[in-house]
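The following exercises concern the fold and the interior of a protein chain. Please examine the sequence and the structure before reading each solution.

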Amino acid sequence: MSYRRRIVDDALDELLPELAAIALEGAKAVGKTATAAQRARTFIDLSDPAMRQIAEANADLVTKSPTPVLIDEWQLEPSLWDRVRRAVDSDNSGGQFLLTGSAGVPPGVRIHSGAGRIVSLRMRPMSFA
């Protein structure tokens, strides 16, 4: 199945070159991963247990990979959110990271808000008017 552009694609095309990190947020199955994957050079899929183990053992994987880096289901390894935040503190040039996820972090896990570093962009379901 071929990719169908969404309204958020225009916003991403405009914002990604200017912003270091964007978190696509929205309900399950709205196309966050498919949309972000259109722009990513590196795809880190944390729903894959093997990839999650690799990322857990080496958080620098996200900063050493070709950009833009898509971290899918980031909430499964919350330390990567903070790793991205620190990377943006060091270099805030645009187009580095896209983060997607369908759920919040587990109860009791604390992460930085990402304020000023990771910009949240709401993605809504597609509809046919």
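**Exercise 1.** Determine how many helices and strands the protein chain contains, and state the pattern they follow along the sequence.

*Solution.* The model is a predicted one. First, count the elements: the protein chain has five helices and five strands. Next, read them along the sequence, which gives the pattern α-β-α-β-α-α-β-α-β-β.

**Exercise 2.** Describe the burial, the exposed surface and the contacts of the protein chain.

*Solution.* Begin with burial, for which a residue must have under 20% relative accessible area. Of the 129 residues in the protein chain, 40% are buried. Turn then to the surface: about 7300 Å² is exposed, and carbon and sulfur atoms supply 51% of it. Finally, consider the contacts with a separation of 6 or more; residues 24 or more positions apart account for 80% of these.

**Exercise 3.** Identify the residues of the largest nonpolar core that touch the most other members, and the elements that give two or more residues to this core.

*Solution.* The largest nonpolar core holds 18 residues, and those touching the most other members are Ala21, Ile71, Val84, Phe97, Leu99 and Ile118. Two or more residues come from each of strand S1 (21-25), strand S3 (69-72), helix H5 (79-90) and strand S4 (97-100). The greatest contribution is that of H5, with five residues.

**Exercise 4.** List what Ala21 touches, leaving aside residues up to four places away in sequence, and then look for another core.

*Solution.* With those residues not counted, Ala21 touches Val84, Val88, Phe97, Leu99, Arg117, Ile118 and Val119. Apart from the largest nonpolar core lies another core of eleven residues, including Leu16, Leu24, Val30 and Leu98.

Methods. Residues are numbered from 1 along each chain as its sequence is written. This is a predicted model: local features need pLDDT of at least 70, side-chain atom pairs count only at pLDDT 80 or more; totals for chains, interfaces and linings use all residues. Side-chain values use heavy atoms; hydrogens and water are left out. Helices (H or I, at least four residues) and strands (E, at least two) are DSSP runs, numbered from the N terminus. Buried means under 20% relative accessible area, exposed over 50%, partly exposed in between (1.4 Å probe, protein chains only). Contact means heavy atoms within 4.5 Å. Accessible areas come from the Shrake-Rupley method with a 1.4 Å probe; for residues, only the protein chains shown count as cover. A nonpolar core is a set of buried Ala, Val, Leu, Ile, Met, Phe, Trp, Tyr and Cys residues joined through side-chain atoms within 4.5 Å.
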